Amino acid sequence: MQFEPQRPRKPVRRIDLMTYGFGSASEPAPDASSAPILYIEDITVSFDGFKALDGLSLYVDDGELRCIIGPNGAGKTTMMDVITGKTRPDQGTAFFARSVDLLSLSEPEIAQAGIGRKFQVPTVFEHQSVFENLELALYTNKAVWPSLFARLNGAERDRIEEVLAIIGLTESRYSRAGVLSHGQKQWLEIGMLLMQSPRLLLLDEPVAGMTHEETEHTAELLLSLAGRHTIIVVEHDMEFVRSIGRRVTVLHEGRMLAEGRMQEVQNHPKVIEVYLGA
Ligand SMILES: Nc1ncnc2c1ncn2[C@@H]1O[C@H](COP(=O)(O)OP(=O)(O)OP(=O)(O)O)[C@@H](O)[C@H]1O
Ligand SMILES: [Mg+2]
């Protein structure tokens, strides 16, 4: 059983805002089997001397669906804050798609580079329909909103229909988002992120407050998205993490405590002591 992550090859240290990632003419094609899409190394974040992250390293493969668990205050949300540019670490490195230095980019630039994030509380537009919410999500520039309806081209309509089917809300497309269940709002918000076609999706406690059935449906949804997208999901719901059945990383006091399949980490004495045994 392996609890320490494999230390992958260092990425090329190169900042190229024009090409974000693979496939530029000046760069050789990546070897997807050996290059993680997210490469975080030795990240430390201090708040008034308290280390929320303490030398955290994390490597996530392209197309992977990774679950992150750990007790309250372990640093899970702070880790997402670092990846999305909301919080700047005191030290460490963070690369995305091999060549994108996340620590040198602003929050909008990181979103533009293909990283989408969902916070715990759904932030859908309650008075707009499900369809309109997805339509609005096409536009990151809010200045175009007043004139955007009826301007959709065929490809955009197709994409909205495709996302409606993915999130299971095709039949609710004309419903006001405000009347959806909590779970449906969460799926709609995931759909809104998908409209931007992110390569990496970060989800912080997506099933909190969901019914058992909604939780199961969310696990199926994320499994269906893996491969096409890389997904990092933070959750306390162990049933959900178990039903996902992919690699799990356990954080504790700002560091990685264990990593492996759920069956493995749940038997790790330290994990039982600080988290699962409680
Ligand atoms: N802006 C901040 N200022 C001061 N302390 C902070 C700040 N953000 C987070 N912390 C502290 O850093 C630690 C890690 O917090 P974080 O929110 O990352 O934990 P978490 O693993 O997401 O926990 P939870 O499971 O409760 O969501 C906590 O002790 C928290 O109080
Ligand atoms: Mg948190």
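**Fold, nonpolar core and backbone outliers**

Of the 278 residues of the protein chain, 39% count as buried. The model is predicted. The chain contains 9 helices and 10 strands. When contacts between residues at least 6 apart in sequence are considered, 68% of them join residues at least 24 apart.

The largest nonpolar core of the chain comprises 71 residues. Within this core, the residues that touch the most other members are Ile83, Phe96, Leu102, Leu134, Leu188, Leu202 and Val250. The surroundings of one of these, Leu134, were examined further. With neighbours within four places in sequence left aside, Leu134 is in contact with Ile160, Val163 and Leu164, and also with Gly191, Met192 and Met195.

Backbone torsions were then considered. Most residues other than glycine have a negative phi. Asp42, which is not a glycine, nevertheless has a positive phi of about 55°. This residue, Asp42, lies in strand S1, which spans residues 36-47. Asp42 counts as partly exposed because it has 14 C-beta neighbours inside 10 Å, a count that falls between the limits of 12 or fewer for exposed and 20 or more for buried residues.

A positive phi is also found at Ala97, where the value is near 50°. Ala97 is located in the loop between strand S4 (91-96) and strand S5 (100-101). There are 25 C-beta neighbours inside 10 Å of Ala97, and this residue therefore counts as buried. Of the two residues described, Asp42 is thus partly exposed, whereas Ala97 is buried.

Terms used:
Residues are numbered from 1 along each chain as its sequence is written. Chains are lettered from A and ligands numbered from 1 in the order in which they are written. This is a predicted model: local features need pLDDT of at least 70, side-chain atom pairs count only at pLDDT 80 or more; totals for chains, interfaces and linings use all residues. Helices (H or I, at least four residues) and strands (E, at least two) are DSSP runs, numbered from the N terminus. Two residues are in contact if their C-beta atoms, placed from the backbone, lie within 7 Å. A nonpolar core is a set of buried Ala, Val, Leu, Ile, Met, Phe, Trp, Tyr and Cys residues joined through C-beta atoms within 7 Å.
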